[in-house]
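Dear colleague,

I am passing on the structure we spoke about, so that you can have it open while you read my notes. Please look through it first.

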Amino acid sequence: ASKVVIYADAFMDAFKEQGILTTLKHFPGHGSSKEDSHKNKSEVTLSKDALLPYKDAISTGRAQIIMVGHLFVKGIDEDNPATLSKKIITDLLRNELKFNGVVISDDMLMKGVGDETLAQKVVKFINAGGDILLFSEFKINNQRTADLVTQIIIDAVNEKKISKERIDASYKRIMALKAKI
């Protein structure tokens with residue numbers, strides 16, 4: 001096993017002993033990026049080594065929450081960062097790696113998530129298979145961020161841009177996680 005896997009397992013186990021949930025980040029791995037996704041588009045080349053800590057944590061039941069990075073993955077989805085990519089969240093993380101826990105975004109206000117509107121980003125993240133949206137600001141344009149994003153989601157469901165089933169799947173994963181606390 002790699003050093004990263006050994007250290008990550010020890011870290012997660014120590015927190016679990018204290019009743020603290022851990023989040024693995026930034027899926028699928030920031031290692032090969034040359035840019036800071038807080039400020040710029042960040043590209044990575046996916047390697048088997050980068051996935052090892054995630055595979056181990058998922059297969060051993062340690063992974064409960066995984067944060068997806070604003071990373072454009074060469075050869076998989078070069079049009080969307082992992083945060084907005086169904087190929088990364090649903091196909092790779094959920095289907096191939098068999099992760100059925102909670103997927104959280106990185107800060108949705110970072111530059112690395114792209115230039116689309118906030119509504120487009122929210123819809124894409126949820127439809128890609130994400131569960132919890134993270135925002136660094138309490139207010140956006142003088143409106144509470146939680147209220148603004150909630151309305152975006154309600155409108156998207158009413159406009160059939162997000163299915164009720166998709167929302168229900170996230171709700172069930174989040175409630176299952178809360179039951180562990």
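What follows is a short account of the cores and of one pocket.

Please bear in mind throughout that this is a predicted model.

I begin with the largest nonpolar core, which holds 38 residues, and in which F27, I66, L93, V122, F125, L133 and F135 touch the most other members. Two or more residues of this core come from each of β1 (23-27), α2 (48-59), β3 (65-68), β4 (71-74), α3 (86-96), α4 (118-128) and α5, and the largest share, six residues, is that of α4. Apart from this core there is a second, separate one of six residues, among them I65, I104, I174 and L177.

F125 deserves a look of its own: once its neighbours within four places in sequence are set aside, F125 is in contact with T83, L84, I89, V103, I104, S105, M108, G130, D131, I132 and L133.

The other feature is the second largest pocket, which encloses about 320 Å³ of space. It is lined by 19 residues, of which D131, I132, L133, I153 and I174 are the closest to its centre. At least two lining residues are supplied by each of β6 (132-134), α5 (145-158) and α6 (164-179), and α6, with seven residues, gives the most to the lining. By residue class, the lining of this pocket consists of twelve nonpolar, four polar and three charged residues.

You may like to view L133 in both settings, since L133 is among the core members that touch the most others and is also one of the residues closest to the centre of the second largest pocket.

With best wishes

How values were computed. Residues numbered from 1 in each chain as written. Predicted model: local features only at pLDDT ≥ 70, side-chain atom pairs only at ≥ 80, totals over all residues. Heavy atoms only, no water. 1 Å grid on protein atoms, 1.4 Å probe; cavity = no way out; pocket = protein on both sides within 12 Å on 5 of 7 lines; lining within 4 Å. Points joined across faces, edges and corners; volume = space filled by probe spheres on them. Helix = DSSP H or I, 4+ residues; strand = E, 2+ residues; numbered from the N terminus. Nonpolar A, V, L, I, M, F, W, Y, C, P; charged D, E, K, R; others polar. Core = buried A, V, L, I, M, F, W, Y, C linked by side-chain atoms within 4.5 Å. Buried < 20%, exposed > 50% of the residue type's maximum accessible area, 1.4 Å probe, protein only. Contact = heavy atoms within 4.5 Å.
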